[in-house]
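Trainee: I have a protein-DNA model open and would like to learn how its labels are justified. Could we go through it together?

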Protein chains: 2
Amino acid sequence: MWLRASSREERGGPPLSRRRIVEEAVALLDAEGADRLTMRRLAERLGTGSTTLYWHVKTKDDVLDLALDAIFAAVPIPEDQEWRAGVTRLIGDWRATLLRHPWSAALLGRPMLGPNVLARSDFLYAALIGAGVAEPHLTAAAFGLSNFVIGSALMQATWLVNADAETRDAARDHMDHQRDRYPALAAHGPLTATDDWDESFERGLNWLLDGVEATIATG
Amino acid sequence: MWLRASSREERGGPPLSRRRIVEEAVALLDAEGADRLTMRRLAERLGTGSTTLYWHVKTKDDVLDLALDAIFAAVPIPEDQEWRAGVTRLIGDWRATLLRHPWSAALLGRPMLGPNVLARSDFLYAALIGAGVAEPHLTAAAFGLSNFVIGSALMQATWLVNADAETRDAARDHMDHQRDRYPALAAHGPLTATDDWDESFERGLNWLLDGVEATIATG
DNA sequence: CCTCCACCGGATCGTTGTTCGAGTAACCGG
DNA sequence: CCGGTTACTCGAACAACGATCCGGTGGAGG
């Protein structure tokens, strides 16, 4: 009796569930990064055996897909009346969430079909339609805005979060030593400490929104 | 003598070199995708033992970094006089190369410091500077254009190349069954067969370029 | 002929995702 | 109260991976 398998309390809290697995996966990813996420390590944090996870989840990729969608729950769906304010807020929060979980940038190359992502994409389309954006501008606008925020977050996460200071310094030295080969890049490129990611993002976003807005009147 | 280790001809052509390894890695990635690239399989295609590769290359990540940079050799550095034509051509060829090697999209999350990438980034900065774009618009323009093409290629590679038809159909069904939950998305979103990736890309790119151009006169 | 050194690869280690099958606890109709 | 079904757990094991160790091998130079 007393030698039997550990009770629930000893294993740490509530029973295992897909929900708990995803929660802990996000926490693990936030704390240690993408390459440290292992089914065994994840199970250990949950106080269970590693193979137990496969009852609730089909593969590790499922865990990643679920974790990726889960973080977008933190992106509020705007309620602004003015379309541009709403879209700006959505894209900004979208980017902030991606940067708050830098491991997510590396996962953007997989189909995002979770409910949180779909709901926010639906808002984007609805906001643009409501603003009077029609095809073929509509698809271009939705794609352009999504792709812009994805690319921005991916690039920034790569350099400012995922890359350690050692890598950044090495990159700086690497460019300094080849200053004559890449003159414009060395003088004005990134890593020159004069760049402001947030401001650059906002400018680019406004260029896109200006272009979208210009298509409304003219059709 | 005749029973000794295989001669060079039997092992397949020229001696091993970092150059040949990268060439074969790109060929393997093109043919079978990113998850099928293995040091053992790569060595097999080269007619050598797997551990031999580690003499020419430090880790597998090095192979990926080298392969990623290698494909950008196919992006010509434009010689247009007009800055906008040159930038448009560069970004377009950049995108075409990423889509021709769909595995590259998943690797965009790692620092790109290879000579081919740096040379083309340098051209982008030089073209913008030559056009009269000054800070803070310069960084925003270079970032915006790069991030836009990266995001676009990543998204398109995800859906049209990496995802098999089965996944695409499943996604379509998934959205059809939830048409009431995501009305705008189901009616106008991607995968509705009315979307034209190339045209959408061009429109978004022109919105960005219009915005950049507008900053030249006003400063 | 000998020595050195760039280059090669078999054996091996530790780790990973995933499967198999034997378990156990809780519930349910009788 | 009981027999059996269902939901869930997990140790052992497998195949494949990236990487290292260390003993080779062959050609160039003295």
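Trainee: What makes the pair formed by B:Tyr54 and a phosphate oxygen of DNA strand D a polar contact?

Mentor: Keep in mind that this is a predicted model. In it, a side-chain N or O atom of B:Tyr54 is 3.0 Å from a phosphate oxygen of DNA strand D. A polar contact needs a pair of N or O atoms within 3.5 Å, so this pair qualifies.

Trainee: How do you know that B:Arg41 qualifies with a phosphate oxygen of DNA strand D?

Mentor: The distance from an N or O atom in the B:Arg41 side chain to a phosphate oxygen of DNA strand D is 3.4 Å. The limit is 3.5 Å, so that pair counts too. On chain A, a polar side-chain atom of A:Thr52 lies 3.0 Å from a phosphate oxygen of DNA strand D.

Trainee: Which element gives the largest share of the surface near DNA strand D?

Mentor: That is H3(B), with three residues. By class, this surface has five nonpolar, eight polar and six charged residues.

Trainee: Which residues come nearest to DNA strand D?

Mentor: Of the 19 residues around the strand, they are A:Thr51, A:His56, B:Arg40, B:Thr51 and B:Lys60. Sugar and phosphate make up 47% of the atoms of DNA strand D that come within 4 Å of the protein.

Trainee: Why is the relation between chain A and chain B that of a two-fold axis?

Mentor: Chain A is superposed on chain B by a rotation of 180 degrees with 0.0 Å of shift along its axis (RMSD 0.0 Å). That is the relation of a two-fold axis. The same surface serves both copies, as 100% of the contact residues of chain A recur in chain B.

Conventions. Residues numbered from 1 in each chain as written. Chains lettered and ligands numbered in written order. Predicted model: local features only at pLDDT ≥ 70, side-chain atom pairs only at ≥ 80, totals over all residues. Heavy atoms only, no water. Least-squares fit on C-alpha atoms with pLDDT ≥ 70 in both. Contact = heavy atoms within 4.5 Å. Near = heavy atom within 4 Å. Polar contact = N/O pair within 3.5 Å; in protein donor to acceptor, adjacent residues only side chain to side chain. Helix = DSSP H or I, 4+ residues; strand = E, 2+ residues; numbered from the N terminus. Nonpolar A, V, L, I, M, F, W, Y, C, P; charged D, E, K, R; others polar.
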